[in-house]
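Morning. I have one structure to go through today, and I will take it from the whole chain down to single residues. Please have a look at it first.

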Amino acid sequence: MNNSKENKKVLLLKYGEVVMKGLNRGYFESLIVKRAKEMLKKAEGNFSLEYAQSTLYISGDEDADIDEAFSILKKLFGIATICIGYQCDKNMDAISACVKENIRSLVGKAKTFKCESKRSNKSFPLKSPEISAEVGGVILDSTHNLQVDVKNPDVTIFVEVREKYAYVHNGGEKGLGGMPSGSAGKGLLLLSGGIDSPVAGFMMSKRGISVDCVYFESPPYTSDNAKQKVIDLASKLAEYNGSLYLNCISVTEIQEQLMKHCDNKLFTVLLRRFMMRLALKHALRIGAQLLITGESIGQVASQTVPAMAVTDAIATIPVIRPCAGLDKEEIVKISRAIGSFDISVLPYDDCCTVFTPKHPNTRPTLEGVLAEEAKLDVEGLVERAFETRTVMEIKP
């Protein structure tokens, strides 16, 4: 699992925009560390975390699986880069031995390289360029057909001389960036079974919003498979967001009443206004400061600016649409990257696809919608629908 004590395999997590938070920086850093500890509970072994100079260093005991921890922590918000590195004593003999011993994992299949060094410990006898030159010589002596390219190398080998130890790594992978989960408040995501809403939830979680979800079902028109699909999507979102609550609310009666009494062309916007009422009611109960939806402007006939304006007239807290300015290809790309796409495309209808009108009104007015709602017992429908609410905790 791990290397010897003298040459230890560790993780180095470089902070992103958190470093620019001034006097509040400690608060954001504490949230990153807290979330990292929670995530590491799923990895084999015990881990210790130490922060220094915008980097979180993670090491483990003899049984710790650093590679597994690396895979898990790639889903940690607030991290700009994450890499597997090697910790050794802070002297050139130890650094050179560390580079030589781990040359294959550091260089990989690269044909060209360069070295970059940083010594925050100014008592170290060599300056950064001298460290790089010596390490570069070790690499050249330890490999065949590998050349130096300081302008456009295939790989860069980094040497960091810190207060206690030296670290060697190859830069690793780009992290998710963003802000630590929960640092910007709480939001309620209207989660459907489609591609867009999980992406919207991910994007807001990346900005520090702790996300809970509400799903609107329509039994018997929607199936248990459709509900399980949403549970699976919530589980995928929880891998990034942390534990969340999924609330399921039946809108069957609402849909049937809309079909019976209201203009079919306004069915979708009327249903969305009911969803907004129900989501708002729950958001206020849990202290959520905003609602999140997956709508993208103009993607479908019901997602026009006039339709969104009429829907938002219900809300007394902000309604955020992170996907509003993205096209479908961009949304699908994010969906694939976060692992939700294959779940979203499973062929199970959600309530939004039930009773969908062939020719929806793309330019509804608030006056026209209010006239249709006057035909209904809006308050009674909302209360009865809310009473169907069930809650489940979704853990990563």
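How far apart are the mean positions of the positive and negative charges of the protein? They are 3 Å apart, with 50 positive charges and 49 negative ones going into the two means. Keep in mind that this is a predicted model.

Now the overall picture. The protein has 396 residues, and 53% of them count as buried. Its secondary structure comes to 14 helices and 15 strands. Taken along the principal axes, the C-alpha atoms fill a box of roughly 85 × 40 × 35 Å. The exposed surface is about 18,500 Å², and carbon and sulfur atoms supply 51% of that area. On contacts: if you take those with a separation of 6 or more, residues 24 or more positions apart account for 79%.

Next, one pair of helices. H6 covers residues 196-206 and H11 covers residues 328-338. How do they pack, in angle and in distance between axes? The angle is about 70°, and the axes are 9 Å apart. Angles from 65 to 115 degrees count as roughly perpendicular, so H6 is roughly perpendicular to H11. From the H6 side, the residues that meet H11 are Asp 196, Pro 198, Val 199, Phe 202 and Met 203. Their counterparts in H11 are Lys 328, Ile 331, Ile 334, Ser 335 and Ile 338.

Then two single residues. Tyr 348 sits in the loop between helix H12, residues 341-344, and helix H13, residues 366-373. Is Tyr 348 buried or partly exposed? Its relative accessibility is 33%, so Tyr 348 counts as partly exposed; the buried class stops under 20%. Along the chain, Tyr 348 and Ser 223 are 125 residues apart, yet their C-alpha atoms are separated by 7.4 Å. Setting aside neighbours within four places in sequence, Tyr 348 is in contact with Asn 225, Ala 226 and Lys 229.

The second residue is Glu 372, which is found in helix H13. Why does Glu 372 count as buried? Because its relative accessibility is 11%, and the cut-off for buried is under 20%. What does Glu 372 touch, not counting residues up to four places away in sequence? The list is His 261, Cys 262, Asp 263, Leu 266 and Leu 270.

To go back over the two residues: Tyr 348 is partly exposed at 33%, whereas Glu 372 is buried at 11%. That is what I have.

Methods. Residues are numbered from 1 along each chain as its sequence is written. This is a predicted model: local features need pLDDT of at least 70, side-chain atom pairs count only at pLDDT 80 or more; totals for chains, interfaces and linings use all residues. Side-chain values use heavy atoms; hydrogens and water are left out. Helices (H or I, at least four residues) and strands (E, at least two) are DSSP runs, numbered from the N terminus. Buried means under 20% relative accessible area, exposed over 50%, partly exposed in between (1.4 Å probe, protein chains only). Contact means heavy atoms within 4.5 Å. Accessible areas come from the Shrake-Rupley method with a 1.4 Å probe; for residues, only the protein chains shown count as cover. Lys and Arg count as positive and Asp and Glu as negative; His and the chain ends are not counted. The place of a charge is taken as NZ of Lys, CZ of Arg, CG of Asp or CD of Glu. Axes are lines fitted to C-alpha atoms, for helices over the stretch in contact, and angles run from 0 to 180 degrees between N-to-C directions. Angles under 35 degrees count as roughly parallel, over 145 as roughly antiparallel, 65 to 115 as roughly perpendicular and the rest as oblique.
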